[in-house]
Amino acid sequence: MGSPPLKITFLGTGTSTGIPMIACDCIVCTSADAKDKRLRSSIMVESEKTRIVIDTTPDFRYQMLRENVKYLDAVLFTHPHKDHIAGLDDVRAFNFFQQQAMQVYANQMTIDALMREFAYAFADKKYPGVPSLDLNSIVLDPFIIGDIEITPIQVWHMKMPVFGFRFGDFTYITDANRIENDEKEKIRGSKVLVVNALRKEKHISHYSLEEAIDLVLELKVPKAYFTHISHQLGKHAEIEKRLPEGIHLSYDGLKLTC
Ligand SMILES: [Zn+2]
Ligand SMILES: [Zn+2]
């Protein structure tokens with residue numbers, strides 16, 4: 001199955017605290033540049049017929065309002081950390097207007113966490129108006145939502161297996177600091193790679209800026225955008241001008257076609 005043309009929207013590009021971080025007076029958190037304002041990391045992937053969001057961050061409601069999203073086919077989850085799942089309750093609005101359960105795709109570890117963290121949505125006797133969720137357990141096999149084929153890629157977030165996703169020529173990887181060689185092969189040939197680059201210093205569960213650059217160069221992906229950015233990385237404008245050709249920092253609201 002060939003991939004239809006896709007539109008990618010960066011709903012958020014910040015690490016778990018967001019930027020500005022509560023109570024922080026650093027030069028990044030107090031920057032006047034709109035590109036230094038980062039909600040928690042998530043993207044929307046759309047074809048003409050299908051619209052998918054990856055992860056429902058604590059900022060999901062505002063992200064949907066900002067992008068004026070009126071309909072959503074599915075939510076894909078990368079992993080169960082709170083900055084990637086906390087906004088799930090707000091799919092209720094789509095349940096209401098679409099008159100159906102939201103289709104949710106995640107690995108079994110994430111599904112178990114969703115059932116725990118949002119237990120009220122799976123209770124036998126549900127309070128009226130709780131989110132309606134249809135959980136689909138996925139493994140590493142490619143699967144299809146609407147007219148979009150999706151290939152999961154297993155990456156490592158310290159010891160946690162996390163899903164990256166490839167859609168046609170576009171690959172999205174958040175929250176990783178290691179990828180095994182077999183899984184790297186799935187990324188090769190992508191025209192655009194989004195990958196996490198937390199800060200300049202090494203971190204136990206995220207790629208640093210240098211490690212992310214090395215990955216892009218190793219896989220020879222012509223265009224890359226870094227996401228899941230911490231205030232510790234520095235100001236967008238200053239980091240951006242020092243990056244190798246074809247590599248950019250993403251920012252909230254950035255749109256790509258692929
Ligand atoms: Zn995260
Ligand atoms: Zn700060």
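The following dialogue examines how terms are applied to the metal sites, strands and cores of a predicted model.

Tutor: In this predicted model, local features need pLDDT of at least 70 and side-chain atom pairs count only at pLDDT 80 or more, while totals for chains, interfaces and linings use all residues. Residues are numbered from 1 along each chain as its sequence is written, chains are lettered from A and ligands numbered from 1 in the order in which they are written, and side-chain values use heavy atoms, with hydrogens and water left out.

Student: What makes Asp83, His84, Asp175 and His228 donors of the zinc ion (ligand 1)?

Tutor: Donors are N, O and S atoms within 2.8 Å of the metal (3.2 Å for Na, K and Ca), and since water is not among the atoms, sites may look incomplete. Asp83 (OD), His84 (NE2), Asp175 (OD) and His228 (NE2) lie 2.1 to 2.3 Å from the zinc ion (ligand 1), and therefore they meet the cut-off. Their spacing along the chain is D-H-x90-D-x52-H.

Student: Why is the site of the zinc ion (ligand 1) called irregular?

Tutor: Four donors are tetrahedral if all angles lie between 85 and 135 degrees; four are square planar, and six octahedral, if opposite donors are over 155 degrees apart and all others between 65 and 115; anything else is irregular. The angles among the four donor atoms of the zinc ion (ligand 1) run from 93 to 162°, so the tetrahedral range is not kept, and the site is classed as irregular.

Student: Which parts of the chain does the pair Asp83 and His228 tie together?

Tutor: Asp83 is in helix α2 (residues 82-85), and His228 is in the loop between β12 (223-227) and α7 (236-240), so the pair ties together parts 145 residues apart in sequence. Helices (H or I, at least four residues) and strands (E, at least two) are DSSP runs, numbered from the N terminus.

Student: What makes the arrangement around the zinc ion (ligand 2) tetrahedral?

Tutor: Cys24 (SG), Cys26 (SG), Cys29 (SG) and His231 (ND1) coordinate the zinc ion (ligand 2) at 2.0 to 2.3 Å. The angles subtended by these four donor atoms are 106 to 114°, so the arrangement is tetrahedral. The ideal angle for four tetrahedral donors is 109.5 degrees. Along the chain, the donors of the zinc ion (ligand 2) follow the spacing C-x1-C-x2-C-x201-H. Cys24, in the loop between β1 (7-12) and β2 (42-46), and His231, in the loop between β12 and α7, link parts of the chain 207 residues apart.

Student: How do you know whether His231 and Arg40 are buried or exposed?

Tutor: Buried means under 20% relative accessible area, exposed over 50%, and partly exposed in between (1.4 Å probe, protein chains only). His231 has a relative accessible area of 16%, so His231 is buried. Arg40 has 17%, so Arg40 is buried as well.

Student: What surrounds Arg40?

Tutor: Arg40 is in the loop between β1 and β2. Contact means heavy atoms within 4.5 Å, and, not counting residues up to four places away in sequence, Arg40 touches residues including Gly12, Ser16, Pro58, Gln63 and Asp83. A polar atom of the Arg40 side chain lies 3.0 Å from the backbone oxygen of Ser16.

Student: Why is β8 described as largely enclosed?

Tutor: Seven of the 10 residues of β8 are buried, so β8 is largely enclosed by the rest of the structure. Strand β9 (residues 160-167) is mostly covered, with seven of its eight residues buried.

Student: How do you know that β8 and β9 pair?

Tutor: Two strands pair if DSSP finds at least two bridges between them. Strand β8 (residues 148-157) and β9 have seven bridges, in the antiparallel sense, and therefore the criterion is met. Ile153 stands opposite Gly164 in β9, and His157 stands opposite Met160. In the hairpin of β8 and β9, Met158 takes a positive phi near 55°.

Student: What makes a set of residues a nonpolar core, and which members touch the most others in the largest one?

Tutor: A nonpolar core is a set of buried Ala, Val, Leu, Ile, Met, Phe, Trp, Tyr and Cys residues joined through side-chain atoms within 4.5 Å. The largest has 30 residues, of which Ile173, Ile187, Leu193, Val195, Leu209 and Phe226 touch the most other members. Helix α6 (209-219) is among the contributing elements and gives the most, with six residues. Another core, of 25 residues, lies apart from it and includes Phe143 and Phe163.

Key:
A polar contact is a pair of N or O atoms within 3.5 Å; within protein, one must be able to donate a hydrogen and the other to accept it, and residues adjacent in sequence count only if both atoms are side-chain atoms.
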